[in-house]
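Here is the note you asked for on this structure, written for someone opening it without any earlier acquaintance. Please read it with the model on screen, taking the points in order.

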Amino acid sequence: MTESPRTALPSLNSPPGDRLEIVSAWDADTPYQAWRPQILVPPAFRQAEAPRVFVVVNQKGGAGKTTSAVELAAAWAAAGLRVRVIDADHQEAALSVWLLPQYPDGSPRHSLRSLFFDECSLAEATYPTLFAGVDVVPSGVDLSRVEYERPIGAEQALAAAIAQEAKEAGGRSPYDVTLIDGAPSLGLVTVAALTAADEALVPIKVGGLDMKGMASLHRTIRSVQKKTNPKLRVGAVLLTAWDKSGFARQLAAKVSTDYPEAAVIPVRRSIRAAEAPLAEQPIRLYAPEAAPAGDYDQAAAVILPTTGAAA
Ligand SMILES: Nc1ncnc2c1ncn2[C@@H]1O[C@H](COP(=O)(O)OP(=O)(O)OP(=O)(O)O)[C@@H](O)[C@H]1O
Ligand SMILES: [Mg+2]
C-alpha cells in the first residue's frame with residue numbers, strides 16, 4: 001500500500017474563559033439575555049468507556065450529523081484513541097468527501113455497501129484518512145441499493161461485522177471508538193447503524209427543530225431498543241450551530257426532559273464549521289481557535305473521557 005504521511009490532529013489550548021461551563025441542572029431563573037451556553041450533565045448520565053460504538057443520528061437533514069461525527073473523531077484521535085468513522089449516508093457521501101479515504105493502489109475499492117452485500121469484511125472496507133488516528137469506511141450513492149434490494153440480514157449486518165472483527169482481534173475491537181455518521185432518513189441502513197451502536201448521539205440544529213421529526217426519531221430508537229438492540233441508549237444531544245436566543249434555551253430545556261439521561265451540549269455557531277469541509281480538514285485542524293472546535297473537544301471529553309483529556 002502507498003502510505004501517505006498522516007497529519008497529526010492537534011490538542012487545543014483554549015483559554016478557560018472560552019470553555020463551556022459544566023452544570024448538573026439548568027438555571028431556569030436566569031433571563032436568557034444573561035444565560036451563557038452550558039453543558040448539562042444530568043445525574044443520570046453515564047460516561048462511556050472504550051471500545052465504544054456511537055451512531056450520530058437524526059433523520060432531519062442538515063442537523064449537524066456529519067460535522068459532529070468528524071469533529072468528535074478528530075477530538076478523540078487527538079487524545080490518542082484509534083477512531084473509525086463509518087459513512088452510513090448514501091445521499092451526499094459528505095463524510096467520504098470530507099475525510100478522503102486513502103485507497104491502496106491496484107486493489108478493489110470497497111465501501112459500506114460491499115459489506116452489506118457480503119463482498120468484503122469490515123476491515124477490508126476500512127481505509128486510512130490523511131489524519132493520524134482516524135480511519136474511514138466510505139460510502140457512495142450505491143449504498144442506496146441496500147434500501148431497495150434489502151439483502152438478507154441487513155438490519156444485523158453492521159453489528160455482526162463489528163462483533164466478528166472484535167472476535168478475530170482477540171475479543172476487543174481494534175478501534176477505541178467507532179462513529180457511524182447516519183443518513184437523514186430512518187431507512188434500513190439507519191436501523192442497521194442503530195442496531196450496531198452502543199450509544200446514539202443526536203445533533204439538533206437549533207434553528208431547524210422539527211417536533212414531529214423528533215418524535216419519530218424517539219419512536220425509532222425505542223423500537224430498535226425493543227427489537228434489535230436492547231443496550232442502545234442516547235448518550236448526548238448536541239445543539240449545533242448554537243446561538244443565544246430564548247428559543248435555544250427553551251429547546252435545551254425540552255431536550256433535557258425528553259432525554260433525561262443524556263448530556264446536552266451546545267456547539268456554537270461559526271462560519272468556520274461550514275468552511276472546513278471545503279478545505280477537507282476537520283474544524284479542529286482548519287480553525288482550532290473557532291468555538292465549535294473547542295465545544296466538540298469538550299463534548300468528546302464528557303461523552304468518553306480519555307486519560308489526560310480534561311472534561
Ligand atoms: N457549529 C456550526 N456552526 C455553523 N455551521 C454549522 C455548524 N455545524 C454544522 N454547520 C453547517 O450546517 C450544515 C449541515 O451540517 P452537516 O452536514 O454536519 O449536517 P448533517 O446532519 O450531516 O446533514 P445531512 O442530513 O444532509 O447529512 C453544514 O453546512 C455545516 O457546515
Ligand atoms: Mg451528513
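The points below go through helix packing first and then through four individual residues.

1. A caution comes before the details: this is a predicted model, and the distances, angles and accessibilities quoted in the points that follow should be read as values computed from that prediction.

2. Helix α6, residues 188–196, is a good place to begin, and one may ask how many of its residues are buried. The helix is mostly covered, since nine of its nine residues are buried; among them are Leu 188, Val 189, Thr 190 and Val 191 at the beginning of the list, and Leu 194, Thr 195 and Ala 196 at its end. The partners against which these buried residues of α6 pack are the strands β3 (52–56) and β7, together with the helices α3 (112–116), α4 (145–149), α5 and α7.

3. Two of those partners can be described in more detail, and as a general matter a pair of packed helices is characterised by the angle between the axes and by the distance that separates the axes. For α5 and α6, the angle is about 35° and the axes are 7 Å apart, while the crossing of α5 past α6 is right-handed. On the α5 side the residues in contact are Ala 154, Glu 155, Gln 156, Leu 158, Ala 159 and Ile 162, and they meet Leu 188, Val 191, Ala 192, Ala 193, Thr 195 and Ala 196 of α6. Sorted by class, the residues of this contact between α5 and α6 comprise nine nonpolar, two polar and one charged.

4. The packing of α6 on α7 (residues 211–227) has an angle of about 55°, and the two axes lie 10 Å apart; α6 and α7 are therefore oblique to each other. Their crossing is right-handed, and the contact involves Val 191, Leu 194 and Thr 195 from α6 and Thr 220, Ile 221 and Val 224 from α7. By class, four of the residues in the contact of α6 with α7 are nonpolar and two are polar, with no charged residues. A reader comparing the lists will find Val 191 and Thr 195 named in the contact with α5 and again in the contact with α7.

5. Another helix pair brings together residues from separate parts of the chain: the axes of α1 (residues 65–78) and α11 (residues 291–303) come within 9 Å and cross at roughly 70°, which makes α1 roughly perpendicular to α11. In this contact Thr 67, Ser 68, Glu 71, Leu 72, Ala 75 and Trp 76 of α1 meet Tyr 296, Asp 297, Ala 299, Ala 300 and Ile 303 of α11. The residues concerned divide into seven nonpolar, two polar and two charged.

6. Leu 201, in strand β8 (residues 199–205), is counted as buried because its relative accessibility is 0%. Beyond its neighbours within four places in sequence, Leu 201 is in contact with residues including Phe 54, Val 55, Val 56, Leu 72, Leu 179 and Ile 303. Two of these, Leu 72 and Ile 303, are also named in the contact of α1 with α11.

7. Trp 98 belongs to helix α2 (residues 94–98) and counts as buried at 4% relative accessibility. What does its side chain reach at 2.8 Å? The partner is the backbone oxygen of Gln 281, and Pro 282, which is 184 residues from Trp 98 along the chain, has its C-alpha atom 8.0 Å from that of Trp 98. With neighbours within four places left aside, the contacts of Trp 98 include Thr 66, Thr 67, Val 70 and Glu 71, as well as Ala 276, Pro 277 and Glu 280.

8. Two loop residues complete the note. Asp 176, between α5 (154–168) and β7 (177–181), counts as buried at 13% relative accessibility, and its side chain reaches the backbone nitrogen of Arg 82 at 2.8 Å. Thr 129, in the loop between β5 (127–128) and β6 (134–137), is buried with a relative accessible area of 1%, and a polar atom of its side chain lies 2.7 Å from the backbone oxygen of Val 134.

Notes
Residues numbered from 1 in each chain as written. Chains lettered and ligands numbered in written order. Predicted model: local features only at pLDDT ≥ 70, side-chain atom pairs only at ≥ 80, totals over all residues. Heavy atoms only, no water. Axes fitted to C-alpha atoms, helices over the stretch in contact; angles between N-to-C directions. Helix = DSSP H or I, 4+ residues; strand = E, 2+ residues; numbered from the N terminus. Parallel < 35°, antiparallel > 145°, perpendicular 65-115°, else oblique. Left-handed = near helix turned anticlockwise from the far one by under 90°. Contact = heavy atoms within 4.5 Å. Nonpolar A, V, L, I, M, F, W, Y, C, P; charged D, E, K, R; others polar. Buried < 20%, exposed > 50% of the residue type's maximum accessible area, 1.4 Å probe, protein only. Polar contact = N/O pair within 3.5 Å; in protein donor to acceptor, adjacent residues only side chain to side chain.
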